[in-house]
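Me: I would like to learn how to read charged contacts and strand pairing from a set of coordinates. Could you take me through one case slowly?

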Amino acid sequence: MYHCFRLKKGMDLKKEIEDYAIQNRISGVVLCCVGSLNKFTIRLADGKTILEKEGEFEIVSMTGTLSEDGVHVHISVSDHEGKTIGGHLKNGCIIYTTAEVCLLELETVKFTREFDEETGFEELVVQEKF
């Protein structure tokens, strides 16, 4: 099942997607997201560094998994010169003009998240739905 919606100026991208997944009990994936941000907050690949920037940014890519236990989403944004950066989506990515979000709910699996001592993060657990 597809879920498509539009977010408006001033909304927090991650919070809105996470709230939507929880409220609609979705186990699924982010198909796409296009739009713009006037502030982004991402965690970089080292798993520790948080990068926050303000300005005008285009969302050029977004992908991830969704569950009632939370979302794991990566985003790439570009600035006015086309320079692109990406990382782990955090709260604090604020919509500038709009964000068009398309999600795909997977009907045969249920995603949950459990703490993994090896990684130190809540990691995806995939279960079959019966």
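Reply: Let us begin with exposure: a residue is called buried under 20% relative accessible area, exposed over 50%, and partly exposed in between. The model here is predicted, and in it Glu81, with a relative accessible area of 53%, is therefore exposed.

Me: Which residue forms a salt bridge with Glu81, and how far apart are the closest N and O atoms?

Reply: The criterion is a side-chain nitrogen of Lys or Arg within 4 Å of a carboxyl oxygen of Asp or Glu. Lys83 meets it with Glu81, since their closest N and O atoms are 3.1 Å apart. Lys83 is itself exposed, its relative accessible area being 54%.

Me: How many salt bridges does a search of the whole structure find?

Reply: The search finds five, and among them is the pair of Glu68 and Arg25, whose closest N and O atoms lie 3.6 Å apart. This pair links distant parts of the chain, 43 residues apart, for Glu68 sits in the loop between β3 (50-67) and β4 (70-78), while Arg25 sits in the loop between α1 (13-23) and β2 (28-43).

Me: Which residues are linked with Glu68 in a network of salt bridges?

Reply: Arg25, Glu68 and Lys110 are linked in such a network, as Lys110 also forms a salt bridge with Glu68, with 3.5 Å between the closest N and O atoms. Lys110 lies in strand β7 (residues 109-116) and Glu68 in the loop between β3 and β4, so this pair ties together parts that are 42 residues apart in sequence.

Me: Are the members of that network buried or exposed, or do they fall in between?

Reply: Arg25 is exposed, at a relative accessible area of 56%, whereas Glu68, at 28% relative accessibility, counts as partly exposed, and Lys110, at 31%, is likewise partly exposed.

Me: In what sense do β3 and β4, the strands on either side of the Glu68 loop, pair?

Reply: β3 and β4 pair in the antiparallel sense, over nine bridges, and they form a hairpin with two residues between them. To see the register, take Thr65, whose bridge partner in β4 is His72.

Me: How many bridges join β4 to strand β5, and which residue in β5 stands opposite Ser76?

Reply: Five bridges join β4 to β5 (residues 84-89), and these strands run antiparallel; Ser76 stands opposite Gly86. β4 and β5 also form a hairpin, here with five residues between them, and Gly82 in the turn has a positive phi of about 85°.

Notes. Residues are numbered from 1 along each chain as its sequence is written. This is a predicted model: local features need pLDDT of at least 70, side-chain atom pairs count only at pLDDT 80 or more; totals for chains, interfaces and linings use all residues. Side-chain values use heavy atoms; hydrogens and water are left out. Helices (H or I, at least four residues) and strands (E, at least two) are DSSP runs, numbered from the N terminus. Buried means under 20% relative accessible area, exposed over 50%, partly exposed in between (1.4 Å probe, protein chains only). Two strands pair if DSSP finds at least two bridges between them.
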